[in-house]
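Okay, thanks for squeezing me in. I'd like to walk through one structure with you, strands and helices to begin with and then the empty space. Let me put it up on the screen.

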Amino acid sequence: MNNMEYYKVFYHVARAGSLTVASKELNISQPAVSQSIKQLEMSLGTKLFTRASKGVRMTGEGELLYHYVAKGYEQIKLGEQKLEQMLNMELGEIHIGASDMTLQFYLLPYLEQFHEKYPHIKVVVSNAPTPETLDNLSDNKIDFGVVSTPFDSKSGLETVKVREIEDVFVAGRKFIQYKNRMLDLQELQKMPIIFLEGATSTRSYMDSFLRKNHVVIQPEFELATSDMIVQFALRNLGVGCVIRDFAKEYLEDGRLFELRFNMIIPKRHFCVVTNSRNPLSAAARHMLELLY
């Protein structure tokens with residue numbers, strides 16, 4: 001036995017006041033309990049117990065030692081219990097980074113499934129644009145991120161594509177002259193355009209795509225969310241650029257229509273990104289199993 005085992009035996013004997021009871025709790029023989037106590041006393045150079053009418057009682061030195069050993073041993077047992085709960089998905093916490101777009105159109109139903117299956121796991125979602133999410137992942141502030149392409153991957157980050165997305169330009173009745181026409185991208189320069197603000201993967205992607213096709217847009221409005229872009233388009237304030245999911249309901253009921261171009265806008269992806277340098281908790285691993 002090592003010293004930790006001796007202290008374990010000491011704790012049980014001191015708490016029970018009996019070698020016999022301690023041997024039953026530890027599932028070892030009474031002579032093994034006695035020998036452990038003797039070895040600990042020899043190591044410390046003092047008596048820890050004296051015989052009593054029923055069992056044993058601690059000496060003054062034993063009481064002093066027990067005051068400290070009990071705290072440490074009980075914290076160790078509590079730690080083991082909490083770890084077991086965590087591994088059994090009865091306890092734990094996941095930190096996820098996601099944009100409004102990835103949360104609404106990909107992550108949300110999986111979070112619902114996960115919560116139904118593991119109701120005791122706390123899930124914290126940090127809502128931020130893709131660049132900030134990747135920074136948080138690199139800094140170990142989140143377990144994983146759900147982001148949209150394109151993005152500049154950082155060292156150590158691993159990416160899995162999980163869903164295809166499509167950028168579209170949508171408009172309301174004020175722009176009906178453009179409906180069912182095949183347009184040149186250059187015609188966008190004549191229209192009042194509604195874009196997302198600058199620090200998003202969506203805005204960066206569209207700016208880059210248009211520049212490659214010699215189109216430079218000076219937006220009429222730059223908004224914080226795609227939901228607001230759709231609302232502005234519904235009120236005929238301009239032609240909005242969003243992923244199709246945001247406008248789907250209004251495209252289907254005819255309140256908005258999609259502009260058609262003779263140049264295809266390449267599709268993008270939602271991706272789950274993890275940091276190979278940061279080991280994942282059991283809870284985070286189970287969440288990723290749902291996503292993949």
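So, Leu196: in S10, the residue standing opposite is Leu223. One thing to keep in mind while you look at this pair is that we're dealing with a predicted model. S9 and S10 are parallel to each other, and 3 bridges hold that pairing. On to S11, then. S9 is joined to S11 by 2 bridges, again in the parallel sense, and there you'll find Ile193 opposite Val239.

Let's put those strands into the sheet. What is the strand order here? Reading across, you get S10-S9-S11-S7-S12, an open sheet of 5 strands with mixed pairing. Strand S10, residues 221-223, and strand S12, residues 257-258, are the edges; each has a single partner strand, so one side of each is left without a neighbour in the sheet. The antiparallel part comes in at S12: S7, residues 167-171, is joined to S12 by 2 bridges, and the two run antiparallel. If you want a residue to click on, take Ala171, whose bridge partner in S12 is Phe257.

Now add a helix. H7 packs on this sheet and touches S7, S9, S10 and S11, which is 239-243. The direction of H7 makes about 130° with that of S9.

That brings me to the cavity. How many cavities of 30 Å³ or more does a search of the whole structure find? Just 1, and the volume of that largest cavity is about 30 Å³. The lining is Phe195, Leu196, Thr202, Arg203, Met206 and Cys241. So there's our Leu196 again, in the cavity lining as well as opposite Leu223. Strand S9, 193-196, and helix H7, 201-212, are the elements that give two or more residues to that lining. H7 gives the most, with 3 residues. If you sort the lining by class, you have 4 nonpolar, 1 polar and 1 charged.

Next, the largest pocket. This one holds about 300 Å³ of space. There are 19 lining residues, and the closest to the centre are Ser99, Asp100, Leu196, Thr200 and Ala224. Yes, Leu196 once more. Which helices each supply at least two residues of this lining? They are H5 at 100-117, H7, and H8 at 226-234. The class split for the pocket lining is 7 nonpolar, 9 polar and 3 charged.

Let me follow H5 over to the other sheet. H5 lies across S3, S4, S5, S6 and S14, which is 268-275, and runs at about 160° to S3. Here we have an open sheet of 5 strands in the order S4-S3-S5-S14-S6, with mixed pairing. Strand S4, 122-127, and strand S6, 157-165, are the edge strands, each pairing on one side only. From one strand to the next, the twist averages 20°. Inside this sheet, S3 at 93-98 and S5 at 144-148 are a parallel pair with 3 bridges; look for Ala98, with Val146 as its bridge partner in S5.

Last stop, back towards the start of the chain. Helix H2, residues 19-26, and helix H3, residues 30-44, have axes that come within 8 Å and cross at roughly 105°. With 65 to 115 degrees counting as roughly perpendicular, H2 and H3 are therefore roughly perpendicular to each other. On the H2 side the contact is made by Leu19, Thr20 and Ser23, and on the H3 side by Gln30, Val33 and Ser34. By class, the contact has 2 nonpolar, 4 polar and no charged residues.

Two of those residues turn up again in the second largest pocket: Leu19 and Ser34 are both in its lining. The volume there is about 240 Å³. Also in the lining are Ile37, Lys38, Glu41, Lys47, Phe49, Thr50, Arg51 and Val56. H3 and strand S1, 49-51, are the elements that contribute two or more residues, with H3 giving the most at 4 residues. And by class? The lining residues of this pocket divide into 4 nonpolar, 2 polar and 4 charged.

That's what I had, so over to you.

Methods. Residues are numbered from 1 along each chain as its sequence is written. This is a predicted model: local features need pLDDT of at least 70, side-chain atom pairs count only at pLDDT 80 or more; totals for chains, interfaces and linings use all residues. Side-chain values use heavy atoms; hydrogens and water are left out. On a 1 Å grid over the protein atoms alone, a cavity is a set of points where a 1.4 Å probe fits but cannot get out, and a pocket is an open set with protein on both sides within 12 Å along at least five of seven lines; lining residues have an atom within 4 Å of a point. Grid points are joined across faces, edges and corners, and a volume is the space filled by probe spheres set on the points. Ala, Val, Leu, Ile, Met, Phe, Trp, Tyr, Cys and Pro count as nonpolar, Asp, Glu, Lys and Arg as charged, and the others, Gly among them, as polar. Axes are lines fitted to C-alpha atoms, for helices over the stretch in contact, and angles run from 0 to 180 degrees between N-to-C directions. Angles under 35 degrees count as roughly parallel, over 145 as roughly antiparallel, 65 to 115 as roughly perpendicular and the rest as oblique. Contact means heavy atoms within 4.5 Å. Two strands pair if DSSP finds at least two bridges between them.
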